[in-house]
Amino acid sequence: MTTTSISVQYEDFDLTVEVDALSGAGAAGAVASFVGYVRGGDVLAMTLEHYPGMTECALADIAVQAHGRWALLGVRIIHRVGRLLPGERIVFVGVAGSHRGEAFSACQFIMDYLKTQAPFWKKEETADGARWVDARDSDEAALRQWRS
């Protein structure tokens, strides 16, 4: 049985709860996960905005593509929105599979697509003011590997 769960939310999430839910009481041979955080340094805060409904559909489509490439048991995507401070969690991607290779690959695939294809807008606050964050060339390059 495969499952997919998508959440776009203001609230933080519990990593242990999310990973344990993906493990399926021993059904999975591997769970790979990624957690993204707000960077510190010159960033004082980050505000993430999204288009409700459209964003969840885009994330669900990314999960469907991952299920189509690998024999996955489960996918969990959580993306936070609102104003976040350095050190706070932004995103969780968890993938359960029978083997580690497919779980690792699917997790990376989902993050690469999420960074470039999901409709989120990020504004960073610094001591010099606020600025909208553009997509990076490195994110686009990472996406290209999955298209070849």
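**Helix α3 and its surroundings**

Good morning. In this predicted model, the axes of α3 and α4 approach within 9 Å and cross at roughly 130°. The two helices are therefore oblique to each other, since that angle falls neither over 145 degrees, where roughly antiparallel begins, nor within 65 to 115, the roughly perpendicular range. Their crossing is left-handed.

Which residues make this contact? On the α3 side they are Ser105, Gln108, Phe109, Asp112, Tyr113, Lys115, Thr116 and Gln117, and they meet Asp139, Glu140, Ala142, Leu143, Gln145, Trp146 and Arg147 in α4. By character, the residues of this contact divide into five nonpolar, five polar and five charged.

Let me turn to α3 itself. The helix covers residues 100-117, which is 18 residues. From its first C-alpha to its last it reaches 25 Å, close to the 26 Å expected at 1.5 Å a residue. Its buried residues are Glu102, Ala103, Ala106, Cys107, Phe109, Ile110, Met111, Asp112, Tyr113, Leu114 and Thr116. What do these buried residues pack against? Their partners are β2 (30-37), α2 (54-69), β4 (72-80), β6 (89-97) and α4 (137-147).

My last point concerns Asp42, in the loop between β2 and β3 (45-50). Is Asp42 buried or exposed? Its relative accessibility is 51%, and exposed means over 50%, so Asp42 counts as exposed. The C-alpha atoms of Asp42 and Ala30 are separated by 37 Å, with the two residues 12 apart along the chain. Leaving aside neighbours within four places in sequence, Asp42 is in contact with Glu125, Thr126, Ala127 and Arg131.

Thank you.

Key:
Residues are numbered from 1 along each chain as its sequence is written. This is a predicted model: local features need pLDDT of at least 70, side-chain atom pairs count only at pLDDT 80 or more; totals for chains, interfaces and linings use all residues. Side-chain values use heavy atoms; hydrogens and water are left out. Helices (H or I, at least four residues) and strands (E, at least two) are DSSP runs, numbered from the N terminus. The expected span of a helix is 1.5 Å times one less than its number of residues. Buried means under 20% relative accessible area, exposed over 50%, partly exposed in between (1.4 Å probe, protein chains only). Contact means heavy atoms within 4.5 Å. Axes are lines fitted to C-alpha atoms, for helices over the stretch in contact, and angles run from 0 to 180 degrees between N-to-C directions. Angles under 35 degrees count as roughly parallel, over 145 as roughly antiparallel, 65 to 115 as roughly perpendicular and the rest as oblique. A crossing is left-handed if the near helix is turned anticlockwise from the far one by less than a right angle, and right-handed if clockwise. Ala, Val, Leu, Ile, Met, Phe, Trp, Tyr, Cys and Pro count as nonpolar, Asp, Glu, Lys and Arg as charged, and the others, Gly among them, as polar.
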